[in-house]
Amino acid sequence: MGLARYVGVRALLIIPTVMILYTLVFFILRILPGNPVLAVLGTKNIPEEQLMAIMERLGLTKPLHVQYVEYLANFLRGDMGVSLIIQGRPIAQDIVERLPATVELAISSIIVSLVLGISFGYLAASRRGGITDSLVRVLGSFLYTIFIPWFGMLLQIIFGMWLKLLPIGGRLTPGVAPTGPTGFVLLDSLINLNLVAFLDSLRYLILPSITLGIMLSGPYMRLARNNMVKALDSGFSIAYRARGVRESKIVSYSLRHAMIPVITYTGLQFALLLGGAVLTETTFSWPGIGTYLVEKVFYRDYPAIQAVVIVFALFVGLISLIVDVIYAYIDPRIRY
């Protein structure tokens with residue numbers, strides 16, 4: 001009952017979080033100088049009467065509080081509005097088409113970062129105080145400072161241009177896209193038993209996921225290493241040694257103990273990655289929600305930006321809630 005009550009309270013707290021972000025974005029967009037209609041048209045040479053007619057048709061001449069309430073009410077009914085750039089294009093359709101690409105990139109990047117981070121963290125903790133430990137700690141700090149566009153372009157040059165092993169941009173070879181119910185290319189390829197599309201999408205996914213995954217692995221290395229060292233010096237490790245348990249076994253137990261903060265960080269990172277991984281998507285021309293948001297910000301497409309921010313906030317709240325629930329099952333000491 002304690003966990004159920006906690007989940008209910010946390011679920012309700014997602015609502016004010018979404019409202020705060022929506023409110024900030026709504027008013028910041030309208031405070032910034034410039035006119036969204038002129039940004040979309042790409043010119044200022046338009047008669048004032050025609051400009052006002054377009055703005056009135058788009059609802060931009062209404063008082064701010066009316067625009068605020070109307071959009072929020074429409075969103076609660078499932079209507080995210082239409083794009084200012086492409087008239088009549090539902091924003092919900094754009095998000096449904098773009099979000100799977102970002103989720104695929106986020107999941108694959110998290111997997112790469114976890115494998116590298118936990119492996120090197122385990123290696124450093126098991127050899128703490130030595131050269132290997134020092135090298136891993138330095139490496140972890142260095143990787144997190146990598147500038148993604150530079151590193152991504154470096155991999156593109158090496159594996160795409162010189163070795164010609166992997167594509168340098170996009171998500172699929174034209175004409176190979178599988179049809180499926182989920183929108184996730186890898187999953188739809190497996191459902192349709194389309195091996196050609198699966199391997200093709202996997203080739204396009206390798207470079208962006210490695211680029212982002214290597215950069216994210218730095219904090220995982222330090223986090224896993226530091227928490228394993230604490231666990232190795234804790235009371236239960238001392239008790240194991242007193243009972244004659246092998247050190248390798250104690251290190252393995254310490255790794256399980258160190259997974260709790262790693263899971264926390266993973267949940268937060270995954271939520272942030274769903275925010276677009278904008279730099280990676282831009283570098284590799286990845287058709288995800290990040291590049292979509294950049295495009296809409298450039299044209300000041302108010303409804304689209306607001307919809308993306310609300311969707312991101314909902315994802316962050318939901319994933320944080322899932323992480324807290326996983327805590328209760330991994331660590332029996334946690335009570336709600």
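# A walk through an all-helix model

Visitor: Which helix is the place of Thr291?
Guide: Happy to start there, with the note that this is a predicted model. At 17% relative accessibility, Thr291 falls under the 20% limit and so counts as buried. The helix that holds Thr291 covers residues 289–298, and that is H13.

Visitor: Which residues does Thr291 touch, apart from those up to four places away in sequence?
Guide: Setting aside those sequence neighbours, Thr291 has four partners to look for. They are Arg98, Glu281, Thr282 and Trp286.

Visitor: How many helices does the secondary structure of the protein come to?
Guide: Reading from the N terminus, each element is marked α. The strand count is zero. The helix count is 14.

Visitor: What percentage of the residues in the protein is buried?
Guide: For a sense of scale, the C-alpha atoms fill a box of roughly 85 × 55 × 40 Å along the principal axes. The chain has 336 residues, and the buried part of them comes to 44%.

Visitor: Among contacts between residues at least 6 apart in sequence, what percentage joins residues at least 24 apart?
Guide: Contacts here are heavy atoms within 4.5 Å. Within the set that is at least 6 apart in sequence, the part reaching at least 24 apart is 73%.

Visitor: At which residue does H9 bend?
Guide: A span check is a good way in: a straight helix of 38 residues would cover 56 Å, but H9 (residues 195–232) spans only 46 Å between its end C-alpha atoms. Its axis also turns by about 35°, and Pro208 follows within four residues of the bend. The residue at that bend is Leu205.

Visitor: And how far apart are the end C-alpha atoms of H5?
Guide: H5 bends by about 30° at Arg98, with Pro100 following within four residues. At 1.5 Å a residue, its 36 residues (91–126) should span 52 Å, so the modelled distance agrees with this at 51 Å.

Visitor: Are the rings of Tyr71 and Phe75 stacked, edge-to-face or tilted?
Guide: A search of the whole structure finds 10 aromatic pairs, and Tyr71 with Phe75 is one of them. The two residues are four apart in H4 (residues 64–76), which means about one helical turn separates them, and both are buried. Their ring centres lie 6.4 Å apart and their planes meet at 35°, so the pair is tilted.

Visitor: Over the ring of which residue does the charged end of Arg30 sit?
Guide: Look at the aromatic cluster formed by Tyr22, Phe26, Phe27, Tyr68, Tyr71 and Phe75. The charged end of Arg30 is 3.7 Å from the centre of one of these rings, that of Phe26.

Visitor: Which helix supplies the largest share of the largest nonpolar core?
Guide: That core has 42 residues, and Leu212, Met215, Met228, Val262 and Leu273 touch the most other members. At least two residues each come from H5, H6, H7, H9, H11 and H14. The largest share is 12 residues, and the helix supplying it is H9.

Visitor: How many residues are in the second, separate core?
Guide: Among its members are Met80, Ile289, Ala304 and Ile310. The count for this core is 32 residues.

Visitor: Is Thr280 buried or exposed?
Guide: Thr280 is in H12 (residues 278–283). Beyond its neighbours within four places in sequence, Thr280 is in contact with Leu105, Ile148, Pro208 and Leu212. Its relative accessible area is 1%, under the 20% limit, so Thr280 is buried.

Visitor: How far apart are the C-alpha atoms of Gln87 and Leu268?
Guide: Gln87 lies in the loop between H4 and H5, and its relative accessible area of 42% makes Gln87 partly exposed. Leu268 is 181 residues away along the chain, and the C-alpha separation is 36 Å.

Visitor: What value is phi of Leu193 near?
Guide: Leu193 is in the loop between H8 and H9, and at 75% relative accessibility counts as exposed. Ser285, in the loop between H12 and H13, has a positive phi near 50°. Phi of Leu193 is also positive, in a residue other than glycine, and is near 55°.

Definitions and conventions: Residues are numbered from 1 along each chain as its sequence is written. This is a predicted model: local features need pLDDT of at least 70, side-chain atom pairs count only at pLDDT 80 or more; totals for chains, interfaces and linings use all residues. Side-chain values use heavy atoms; hydrogens and water are left out. The expected span of a helix is 1.5 Å times one less than its number of residues. The bend at a residue is the angle between axes fitted to the seven residues ending there and the seven starting there. Rings of Phe, Tyr and Trp (its six-membered ring) pair if their centres lie within 6.5 Å; planes under 30 degrees apart count as stacked, over 60 as edge-to-face and the rest as tilted. Buried means under 20% relative accessible area, exposed over 50%, partly exposed in between (1.4 Å probe, protein chains only). A charge sits over a ring if NZ of Lys or CZ of Arg is within 6 Å of the ring centre and within 35 degrees of the ring normal. A nonpolar core is a set of buried Ala, Val, Leu, Ile, Met, Phe, Trp, Tyr and Cys residues joined through side-chain atoms within 4.5 Å.
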